[in-house]
Amino acid sequence: MREIKYAEALREALAEEMRRDPRVFVYGEDVELGYAFTVCKGLIDEFGRERVFDTPICEQTIVGVAVGSSMMGMRPVPEIQFSDLLMMCMDQICNSAAKLRYMSGGQVKFPLVVRTPGGKWGGFAAQHSQTLDAWFMNVPGLKVAVPATPYDAKGLLKTAIRDDNPVLFIERKLLYQTSGPVPEEEYLIPFGEAKIHREGKDLTIVAIGRMVPESLKAAEQLEKEGVQVTVLDPRTLVPLDTRAILNSVRQTHRVVIVEEGPKRGGVGGEIGAMIAEEILDELDAPIRRVASLDVPIPFNLALESHVLPNDQKIVEAVRDAMSF
Amino acid sequence: MATEVTIPNLGYTMTVAKILNWQKAVGDTVENGEILLEIETDKVNYGIESPASGVVKAILAKVGDEIPVGGLVAIIGKPDEEIDVRSYQKEKKEPPVPEKVQAAGKKEILPPVVPAAGGRVFASPLARKIARTKQVDLSRVMGSGRSGRIRMADVEKYILEGRPRKLEPTSSIGPVEVAEVIPLTTMRRTIAQRLAQSFHDAPHFNLCMEVDITEAKELLEKAIPKKAEGRLEVKLSLNDLFIKAVAVTLRDYPLLNARWKGDQVEVLRDINIGLAVALDNGLIVPAMERADQKRLWQIAKERIDLVERARQGRLTLPELERGTFTVSNLGMYDITFFTSILNPPQTGILSIGKTVDRPVVREGAIVIRPIVQMSLAIDHRVVDGAVGARFMQDLKQGLEKPGLLL
């Protein structure tokens, strides 16, 4: 199968959906030139400025336009250049997009997808490196997708665009230039279906976003130590494939949950609590979480790597759970 | 004759104990050493063993009751024995007898306190579930996890290999007749578990040497005047000098006065020397607090007291838990040389043999000198050979020139 980059896979998804459905359009800061992460690069050549256009640096407007236009039957796919900037448009996302279908008794649909990159880019400091997955997982009415591979990025984005509900599509800056197999023929990936990247009998690693490749690296090292781990990526946090997670932990009896965001109030806490509530009796060791330290992400590269999770921290957490 | 079951004193601060559960009911048959009930104190949960074999005649405290130390909780008697429970209940209302009087007045000896065993069992939820469905008593399962925590694999292994045979003397295995089956007491089980774990987990190595104790013996003879009185009226033994020498030498070797804690080593501030004391049915190691700071006569007095109370089963939990280094002496059994298994989580244990007059070469001539052979077992995870060797060298110098210790 051919290999393409994560950013290219996203671009293909956008282009295919725009060809399929004239109501789909993309816009945001610098999307005409494809800045800052090249996803939208070249789309303007095929679809023109009617459907691919720049906006002022005003996130409230960007998502506000999406809420209004989706309400009127369009399928907007706005881009927020850094997920940190979602703070500017929380009201539009959480109060408008997420709530109005419910409050209108289902009379109005909001088929919009807010695409945005989260996580580390390397020395981009506290306001451009955050991972905010957990915030949006906590907002009823939103769906949240966090693809980890080019294949998942394309398949999930196409599904998101076809969904009649608002989707927060959180990409990862450091994954944009990673490559992976993506079929040329069309495919969709349903939401709420986890992917098991590798299977091992000793422990389940539940990994999200960029922590999936980090966990796979950790798994390689652990295999040399004789520890066989399963690496499971939920792919969408809302809806969450709890059944796949529970089934895996039922087989391995140990679990480490890895996310790039801060540990406090994080995705790992939610998934871990769910496991403990459902299948405490299956656990042979405490649930372990690997996450960012609860501090702003430092600008300094050495400090940044100290704060963020990585493959070594995952290896240590697994060893700890195995020896408990 | 009926035997009373009372609440033992498990620590300095303990005044009452709460009844957690009864493992036996009135009318049940009970073996000597079998757990009767579990209690909870300010520090530990603890299983109280039956002090006699027989039938539970009366249970005088409910689950949740708080009973003072020395308080009566049950009566064990012969199956056909008639017991007037009311007379005991009246007695129970009396204020608890002070510890010393109680020890002198009672015939039965309280089971020695053994930390960990009989207390709370640490097991994973999965191990508990399997134990529940397979009806395994987790307190009989040896845990392989951190601090002896029981995991799934331990329960499965126990089910496969370890399920004890029915305790009947007539059972026979193959061509060999079993004469007697001895159920494990709490102490036996604790010794087995701790030492097996120590031997398995801690990579032991031993350093051996001979010490000429000519001068040490002279010092001891001179140390206490023949007509000593008052606090000096104490019989010093070579052991006291060994304890002192070990404790003082340890000051320069903090890593030998440390304990292994999985991912770190804890160096301990106080030097508390544990003394291995053999009992009829086991072994117990009370520790002398800050032995490096004590004078020889103090060490002697405390040693005599600890050993005596160990044999009476009247040690307290702190005395059993505070040890930081252990000394074991089998000289009285004519053993000239031996090695020991570490007393976890300690890092070192010194084994001392019998003093033997031996021909040795001094300044080119053969002379007869009292020689003691010692071996030091060390946890190699914490300390390397050279450090242990230097400790032994310093210890030897201290004992051969005991003036250096003072």
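**Entry 1. B:V285**

I looked up the environment of B:V285 in this predicted model. I count B:V285 as buried because 22 other C-beta atoms lie within 10 Å, and the cut-off for burial is 20 or more. I located B:V285 in the loop between β16 (282-284) and β17 (287-288) of chain B. Setting aside residues up to four places away in sequence, I listed its contacts as B:G274, B:L275, B:A276, B:V277, B:L320, B:G323, B:T326 and B:N343. I also noted the C-alpha separation between B:V285 and B:A310, which is 8.2 Å for two residues 25 places apart along the chain.

**Entry 2. Chain B as a whole**

I recorded 10 helices and 21 strands for chain B. Of its 406 residues, 35% are buried. I then took the contacts in chain B with a sequence separation of 6 or more, and found that 64% of them come from residues 24 or more positions apart.

**Entry 3. Helix α7 of chain B**

I examined helix α7(B), which covers residues 238-250 and has 13 residues. Its first and last C-alpha atoms are 18 Å apart, close to the 18 Å expected at 1.5 Å a residue. I asked myself how many residues of α7(B) are buried. I found 10 of the 13, and I describe the helix as mostly covered. The buried residues are B:D240, B:L241, B:F242, B:I243, B:K244, B:A245, B:V246, B:A247, B:T249 and B:L250.

**Entry 4. Chain A as a whole**

I recorded 12 helices and 14 strands for chain A. Of its 324 residues, 52% count as buried. Among contacts in chain A between residues at least 6 apart in sequence, I found that 78% join residues at least 24 apart.

**Entry 5. The contact between the chains**

I noted that the contact takes 9 residues from chain A and 10 residues from chain B. On the side of chain A that touches chain B, I classed 4 residues as nonpolar, 2 as polar and 3 as charged.

**Entry 6. Helices α1 and α2 of chain A**

I looked up how helix α1 (residues 6-20) of chain A and helix α2 (residues 43-51) of chain A are placed against each other. Their axes come within 11 Å and cross at roughly 60 degrees. I therefore call α1(A) oblique to α2(A). The crossing of α1(A) past α2(A) is left-handed. From α1(A), I listed A:R11, A:L14, A:A15 and A:M18 as meeting A:L43, A:E46, A:F47 and A:R51 of α2(A). By class, I entered 5 nonpolar, no polar and 3 charged residues for this contact.

I added a reminder on spacing: residues three or four places apart in an α-helix point the same way, because there are 3.6 residues a turn.

**Entry 7. Helices α3 and α4 of chain A**

I turned to helix α3 (residues 59-71) of chain A and helix α4 (residues 90-97) of chain A, and found that their axes come within 8 Å and cross at roughly 25 degrees. Why do I enter α3(A) as roughly parallel to α4(A)? The reason is that the crossing angle is under 35 degrees. On the α3(A) side, A:Q60, A:V63, A:G64 and A:V67 make the contact, and on the α4(A) side A:Q92, A:I93, A:S96 and A:A97 do so. I divided these residues into 4 nonpolar, 4 polar and no charged.

**Entry 8. Backbone exceptions in chain A**

I kept the general expectation in mind that most residues other than glycine have a negative phi and most peptide bonds are trans.

I found a cis peptide bond between A:Y35 and A:A36, with omega about -5 degrees. A:A36 is placed in the loop between β2 (24-28) and α2 of chain A. I found a cis peptide bond between A:V238 and A:P239 as well, with omega about -5 degrees. A:P239 is placed in the loop between β12 (236-238) and α9 (242-252) of chain A.

I then looked up positive phi values. A:A125, not a glycine, has a phi of about 65 degrees. I located A:A125 in the loop between β5 (113-118) and α6 (133-137) of chain A, and its 14 C-beta neighbours inside 10 Å make it partly exposed. A:R235, not a glycine, has a positive phi of about 65 degrees. I located A:R235 in the loop between β11 (229-233) and β12 of chain A, and its 27 C-beta neighbours inside 10 Å make it buried.

**Entry 9. A:D320**

I placed A:D320 in helix α12 (residues 311-323) of chain A. Is A:D320 buried or partly exposed? I enter A:D320 as partly exposed because it has 16 C-beta neighbours inside 10 Å. The C-alpha atoms of A:D320 and A:A285 are separated by 9.2 Å, and the two residues are 35 apart along the chain.

Terms used:
Residues are numbered from 1 along each chain as its sequence is written. Chains are lettered from A and ligands numbered from 1 in the order in which they are written. This is a predicted model: local features need pLDDT of at least 70, side-chain atom pairs count only at pLDDT 80 or more; totals for chains, interfaces and linings use all residues. Axes are lines fitted to C-alpha atoms, for helices over the stretch in contact, and angles run from 0 to 180 degrees between N-to-C directions. Helices (H or I, at least four residues) and strands (E, at least two) are DSSP runs, numbered from the N terminus. Angles under 35 degrees count as roughly parallel, over 145 as roughly antiparallel, 65 to 115 as roughly perpendicular and the rest as oblique. A crossing is left-handed if the near helix is turned anticlockwise from the far one by less than a right angle, and right-handed if clockwise. Two residues are in contact if their C-beta atoms, placed from the backbone, lie within 7 Å. Ala, Val, Leu, Ile, Met, Phe, Trp, Tyr, Cys and Pro count as nonpolar, Asp, Glu, Lys and Arg as charged, and the others, Gly among them, as polar. The expected span of a helix is 1.5 Å times one less than its number of residues. A residue is buried if 20 or more other C-beta atoms lie within 10 Å of its own, exposed if 12 or fewer, and partly exposed in between; C-beta atoms are placed from the backbone.
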